[in-house]
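Got your viewer open? Here is a short tour, one selection at a time.

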Amino acid sequence: DAAPLPAVVHWGEELPHETPASLASLAVAALPQRVSGGLDTTGRLDVLPAPSAGWLGTPALEGHRAGSWFSPAFVVDKVDADDTRLALSLVDAGAELAGLLELSLGPAGVLRQRLTLTNTGATAYTVQSLVLPFPVPWDATELFDTTGRHLKERTPQRHAFTYGTHVRD
């Protein structure tokens, strides 16, 4: 049986006393609450957020098949995991798409993700945008990036988080 997409529910230091029960409780606590005037099922930031799952923010994959199938509804078909890598085989039979989403933890503790998208249909699928999200820790208060030009490249700058999208062109 196919399963829904997982989500990162803890982003931070290692949890020293986790048990299967405490991890299950953490996953339940991370589910978004339903708000009045919202959808019956509130979308959450999973590993590949999409409008088809109720996500109202920026979707991970924007594309279409000749104007149709603009919001794939991937489900997990197969899981392959070890201590540092998780590979999710994803399918959307209706949109005729398949994907391999890989999350891996490097030796320095940096989490990396990669999506390989496959068109399994007979017609073209146009990818307009693919942005794989990571959640932001609850206690993060500022963004850090770099700016500059000629001889002052990569000058650090910080600014407060705000609502909406921050784009560095």
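## Starting in a pocket

First stop: the second largest pocket, which holds about 640 Å³ of space. Keep in mind as you look around that this is a predicted model. Select Val8, His10, Leu86, Leu103 and Leu111: of the 22 residues lining this pocket, these lie nearest its centre. Now colour the lining by class, and you should get 13 nonpolar, 5 polar and 4 charged residues. Strands E3 and E4 each give at least two residues to this lining, with E4 providing the largest share, 3 residues.

## Out along the sheet

Next, select E3 (residues 85-92) and E4 (residues 97-105), which pair in the antiparallel sense over 8 bridges. Leu86 is worth picking out here, as it stands opposite Leu103 in E4. Widen the selection to see an open sheet of 4 strands, running in the order E2-E3-E4-E5 with antiparallel pairing. Which strands sit at the edges? They are E2 (75-81) and E5 (111-119), each pairing on one side only. Going from one strand to the next, the twist averages 15°.

## A closed space

Stay on Leu103 and switch to cavities. The whole structure has 1 cavity of 30 Å³ or more, with a volume of about 60 Å³. Leu103 helps line it, along with Val8, Leu45, Asp46, Val47, Gln113, Pro133, Phe134 and Pro135. By class, that lining has 7 nonpolar, 1 polar and 1 charged residues.

## The largest pocket

Now select Leu45, Pro133, Phe134, Pro135 and Val136. These are the closest to the centre of the largest pocket, out of 41 lining residues. The space in this pocket comes to about 1,300 Å³. Its lining divides into 26 nonpolar, 10 polar and 5 charged residues. Strands E7 and E8 (155-160) each supply at least two of the lining residues, and E7 has the largest share, 3 residues.

## Last stop: two rings

Keep Phe134 selected and add Trp11. A search of the whole structure finds 1 aromatic pair, and this is it: the ring centres are 5.5 Å apart and the planes meet at 35°, so the pair is tilted. Trp11 is in the segment before helix H1 (20-29), while Phe134 is in the loop between strands E6 (126-130) and E7 (142-147), so the pair ties together parts 123 residues apart in sequence. Are these residues buried or exposed? Trp11 is partly exposed, at a relative accessible area of 32%, and Phe134 is also partly exposed, with 32% relative accessibility.

Key. Residues are numbered from 1 along each chain as its sequence is written. This is a predicted model: local features need pLDDT of at least 70, side-chain atom pairs count only at pLDDT 80 or more; totals for chains, interfaces and linings use all residues. Side-chain values use heavy atoms; hydrogens and water are left out. Rings of Phe, Tyr and Trp (its six-membered ring) pair if their centres lie within 6.5 Å; planes under 30 degrees apart count as stacked, over 60 as edge-to-face and the rest as tilted. Buried means under 20% relative accessible area, exposed over 50%, partly exposed in between (1.4 Å probe, protein chains only). Two strands pair if DSSP finds at least two bridges between them. Axes are lines fitted to C-alpha atoms, for helices over the stretch in contact, and angles run from 0 to 180 degrees between N-to-C directions. On a 1 Å grid over the protein atoms alone, a cavity is a set of points where a 1.4 Å probe fits but cannot get out, and a pocket is an open set with protein on both sides within 12 Å along at least five of seven lines; lining residues have an atom within 4 Å of a point. Grid points are joined across faces, edges and corners, and a volume is the space filled by probe spheres set on the points. Ala, Val, Leu, Ile, Met, Phe, Trp, Tyr, Cys and Pro count as nonpolar, Asp, Glu, Lys and Arg as charged, and the others, Gly among them, as polar.
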